Amino acid sequence: MIGSLGDPGRFDVALRAARDCLAGASRIVALTGAGVSAESGIPTFRDAQSGLWARFDPAQLASEAGFRADPALVWRWYAERREAVRRARPNPGHVALARGAHGGRTPVAVVTQNVDGLHARAGSDVIELHGNILRTICLERCGQRYEPDDLLPAGEPPVCPACGSQLRPDVVWFGEMLDPAALLRAERAAAACHVMLVVGTSGIVFPAAGLALVAGRAGARVIVVNPDETELDGQADLCLRGPAGSVLPALLE
Ligand code: BV8
Ligand code: ZN
């Protein structure tokens, strides 16, 4: 069933059906993507290519080969995105997920593809599949690492003070493995949940998008929240076509 905010009658029917799905659920997981942070002013991964970055392919910039080919360019791209993240605040969608379902009595476990840290800032218990853009590590993984508030050495990119290589953002680039422990926790949560909310993701990037399939195959009800169609709509029991910042509070309150 698809309910679109553009068709209030059908949307209300779909929203009520989604709330019925949640009524008996005690294990709820939210798989989120860039769309849940859009209303916090952070361009979605594909939108992030506006302006100066329009002529670059994100999958090319967000890769080790892309970084090694032009470290200064990729470092500046991440520096711009870090500034946007530091200015951003969690929006009502993040807050609704952090509050949980059933008046806050049932927690929602968040598995996110986002690297902006906003779910944690809203108070969610979150698995970050693709790392965190505000953390910095050594390109050669010598062990040198910087937390979000640590002062970084100068340079675009800075030189690693421990081994002389370069520093890079602590995110998972295309072609890189996800942290096996994080992925295993996410797979277990997806396989055990009663309902999976798939929020603000185009469902293009794997293995993250595959978690919706894991949930569905294990018998969970899958509810997509997105203003547009996604690659995961075919696996959903329900699609609520609207922005996370207004749909999630209505769904979870
Ligand atoms: C892996 C961190 C394998 C970096 C990210 C060729 C070579 C190598 C790998 C591959 C290959 N071909 C395919 C692959 C697999 C690849 C992949 O999936 N590629 C895609 C493009 C096909 N995956 C990988 O490479 C992964 N690693 O497979 O390793 C391996 C195996 C063995 C040994 C070694 C390696 C790693 C993937 C992680 C990449 N890193 N991020 C950074 O951020 O800079 S991915 C990045 O893009 C995001 O984190 C996110 O995951 C993804 C963007 O997707 P979305 O979040 O969905 O965002 P998008 O913009 O697409 O959509 C936004 C949605 O929001 C839209 O639907 C929109 O409608 C909606 N929306 C808008 N407004 C709102 C809204 N929704 C709700 N409310 C609103 N208001
Ligand atoms: Zn180093």
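**Exercise 1. Determine whether Arg141 is buried or exposed, and describe its backbone.**

Step 1. In this predicted model, Arg141 has a relative accessible area of 52%. Buried means under 20% relative accessible area, exposed over 50%, and partly exposed in between (1.4 Å probe, protein chains only). Arg141 is therefore exposed.

Step 2. Arg141 is placed in the loop between β5 (131-138) and β6. Helices (H or I, at least four residues) and strands (E, at least two) are DSSP runs, numbered from the N terminus.

Step 3. Although Arg141 is not a glycine, its phi is positive, at about 55°. Most residues other than glycine have a negative phi, and most peptide bonds are trans.

The conventions are as follows. Residues are numbered from 1 along each chain as its sequence is written, and chains are lettered from A and ligands numbered from 1 in the order in which they are written. Local features need pLDDT of at least 70, side-chain atom pairs count only at pLDDT 80 or more, and totals for chains, interfaces and linings use all residues, while side-chain values use heavy atoms, with hydrogens and water left out.

**Exercise 2. Identify which residues of helix α5 are buried and what they pack against.**

Step 1. In α5 (residues 92-99), the buried residues are Gly93, His94, Ala96 and Leu97. Seen down the helix axis, they fall within an arc of 160°, so they line one face of α5. The arc is that of the directions from the helix axis to the C-beta atoms.

Step 2. These buried residues pack against β2 (28-32), β3 (108-112), α6 (118-122), β8 (195-199) and α9 (244-252). Contact means heavy atoms within 4.5 Å.

Step 3. At the N-terminal end, Asn91 caps α5, with a side-chain oxygen 2.7 Å from the backbone nitrogen of Gly93. A polar contact is a pair of N or O atoms within 3.5 Å; within protein, one must be able to donate a hydrogen and the other to accept it, and residues adjacent in sequence count only if both atoms are side-chain atoms.

Step 4. Just after α5, Gly100 has a positive phi of about 95°. His102, in the loop between α5 and β3, is not a glycine, yet has a positive phi of about 55°.

**Exercise 3. Check the span of helix α7 and locate its buried side.**

Step 1. The expected span of a helix is 1.5 Å times one less than its number of residues. For the 13 residues of α7 (residues 180-192) this should be 18 Å, and the end C-alpha atoms are 18 Å apart, which agrees.

Step 2. Ala182, Leu183, Ala186 and Ala190 are buried in α7. They cover an arc of only 95° around the axis, which puts them on the same side of α7.

Step 3. The buried residues of α7 pack against β3, β4 (126-128), β8 and α8. The face turned away from the buried side carries the exposed residues Pro180 and Arg188.

**Exercise 4. State where Ser63 lies and what it touches.**

Step 1. Ser63 is in the loop between α2 (58-61) and α3 (64-69).

Step 2. Its relative accessibility is 10%, so Ser63 counts as buried.

Step 3. Leaving aside residues up to four places away in sequence, Ser63 touches Trp173 and Phe174.

**Exercise 5. Locate the cis peptide bonds at Pro157 and Pro207.**

Step 1. Glu156 and Pro157 are joined by a cis peptide bond with omega of about -5°. Pro157 lies in the loop between β6 (145-146) and β7 (167-171).

Step 2. Phe206 and Pro207 are joined by a cis peptide bond with omega of about 5°. Pro207 lies in the loop between β8 and α8 (210-217).
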